[in-house]
Amino acid sequence: SGKHVYNVSLIASVIADKGKEAAKNWLQGVRNNLARRPQGNDRAQAKAIYAGQCDVAIGNTYYMGKMQTNRKKRAQRKWAASIRLVFPNQGGRGAHLNISGAAVVAMGTIALPSMLERGYDKHMALGAINIGGGLGILIPPSIIMILYSMITGVSVGQMFAAGVFPGLLLVVLVAIYVLVRCYFQPELAPALPPEERASWPEKFRSLGAVLLPILIVMMVLGSIMLGMTTPTEAAAMGVLGALISAAVYRKFNWTLIRDASLRTFSLTGMIMWILFAAHAFSAAYQSMDAQAMIEGWMEMIPGGPWGTIIAMQVILFLMAMVLDPVGIMLITLPVFMPIVQSLGFDPIWFGILFVINMEIGYMTPPFGFNLFYLKGVVPPSITMQDIYRSVLPYVMVGIVGLAIIMMFPQIATWLPGYVF
């Protein structure tokens, strides 16, 4: 063992002596590489390195999410806090469910019984939960955005920044729809009884239940937009925030770390196979010179470049009804992206349109994921037909938001241009 200690000490001393020189040479090599534009094989290697960094970002983002997986008691506390922050004399509490897709089941378990007990219209409540779940992939951090960046080569940070204002726009549109409809039909969402209404001190105290989740989001997005971290490092900041949150809630234990790590490893491995499939399909597509054929077909679409973009949105919308987002990415992005760029459109802007279509697809019959997730937790009295009917007005709201962002691209492109 003494010999082993000596060997380790010798290695450590060599590293200490050579560390500064090696680091200096490495940084100089990085500067030289960044000073020239990648060509040929260098471009492929750069794309592979970028994909590897995105893969780390996916792992960190998913790990952050698993660390934040709510137990029922914690979810109830956050839901109660959101109730107290709403003005109780206004209907439409479901408009505040702009949460992640994974929370559809949690909100269906916790929020839906509360709303039904207070006499809320079941279709209004079910639809609000469904669209709230879909908004989770548009408001960063979003794994769908990271996957889009990996396949297309655009900046993850710019995609995150581009999703902020479109996400807020859709939240506002949903809130307006709910509030306006409940104003004219107050029986759809009755106001809270006076005895259940919280005072302003109680409202401020209830902020403590949602303070840590908000802090995590600020750590991730703020570090990117302030230029302090790359998207990969920002995801690690989110993991740190999730660990702190778990410790504060006294849920930090070995079981939590093990489960989150194993599921993260599983997801990261799956993403690698998705990358292999995407690159294989892209290589086959390009080797067959199919791009020229598809571009020729697209030129036949009436309406010029905008007619082509609208046709792409219709294709994505129809595919989202029956396929999952990853499958749609593998099929469409290698085909659509060269055409989008050749027509002079911003790939970041198109990425936001793509994500919105995927969001709508999560709740679009007949095979929207959120529909079936919600069916698994609703009371037996709610049928699949009720769930289908509930999402139709919200699908129209999503389409209106998509059209607004198409007509005013600056909603998606201003913040990335300003920050980056």
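**Helix H6, the nonpolar core and the packing of helix H8**

Good morning. I begin with helix H6, residues 143–152, which is mostly covered: nine of its ten residues are buried. Please keep in mind throughout that this is a predicted model. The buried residues of H6 are Ile144, Met145, Ile146, Leu147, Tyr148, Ser149, Met150, Ile151 and Thr152. Directly after H6 comes Gly153, with a positive phi near 85 degrees.

One residue of H6 deserves a second look. What does Tyr148 touch, if we leave out residues up to four places away in sequence? Its partners are Gly153, Val154, Met159, Met329, Leu333, Met337, Pro347, Phe350, Gly351 and Phe354. Tyr148 also appears, with Phe350 and Tyr394, among the residues that have the most contacts inside the largest nonpolar core, a core of 89 residues. Which helix gives the most to this core? The answer is helix H16, residues 347–361, with ten residues.

Let me now place these details in the whole protein. The protein has 19 helices and zero strands. Of its 420 residues, 45% count as buried. If we take the contacts with a separation of 6 or more, 78% of them are between residues 24 or more positions apart.

I turn next to helix H8, residues 164–184, and to its packing with helix H18, residues 384–407. The angle between H8 and H18 is about 140 degrees, and their axes lie 10 Å apart. An angle of this kind falls outside the ranges for roughly parallel, roughly antiparallel and roughly perpendicular, and H8 and H18 are therefore oblique to each other. Their crossing is right-handed. On the H8 side, the residues that meet H18 are Pro166, Leu169, Leu170, Leu173, Val174, Tyr177 and Val178. On the H18 side, they are Pro393, Tyr394, Val397, Gly398, Gly401, Ile404 and Ile405. By class, this contact has twelve nonpolar residues, two polar ones and no charged ones. Tyr394 of H18, which takes part here, is one of the core residues I named earlier.

H8 also packs with helix H19, residues 410–419, again at about 140 degrees, with the axes 7 Å apart. That angle makes H8 oblique to H19. Val164, Phe165, Pro166 and Leu169 in H8 meet Ile411, Ala412, Trp414 and Leu415 in H19. How many residues of each class make up this contact? There are eight nonpolar residues, with no polar and no charged residues. Pro166 and Leu169 of H8 are listed in the contact with H18 and also in the contact with H19.

Thank you for your attention.

Definitions and conventions: Residues numbered from 1 in each chain as written. Predicted model: local features only at pLDDT ≥ 70, side-chain atom pairs only at ≥ 80, totals over all residues. Heavy atoms only, no water. Axes fitted to C-alpha atoms, helices over the stretch in contact; angles between N-to-C directions. Helix = DSSP H or I, 4+ residues; strand = E, 2+ residues; numbered from the N terminus. Parallel < 35°, antiparallel > 145°, perpendicular 65-115°, else oblique. Left-handed = near helix turned anticlockwise from the far one by under 90°. Contact = heavy atoms within 4.5 Å. Nonpolar A, V, L, I, M, F, W, Y, C, P; charged D, E, K, R; others polar. Core = buried A, V, L, I, M, F, W, Y, C linked by side-chain atoms within 4.5 Å. Buried < 20%, exposed > 50% of the residue type's maximum accessible area, 1.4 Å probe, protein only.
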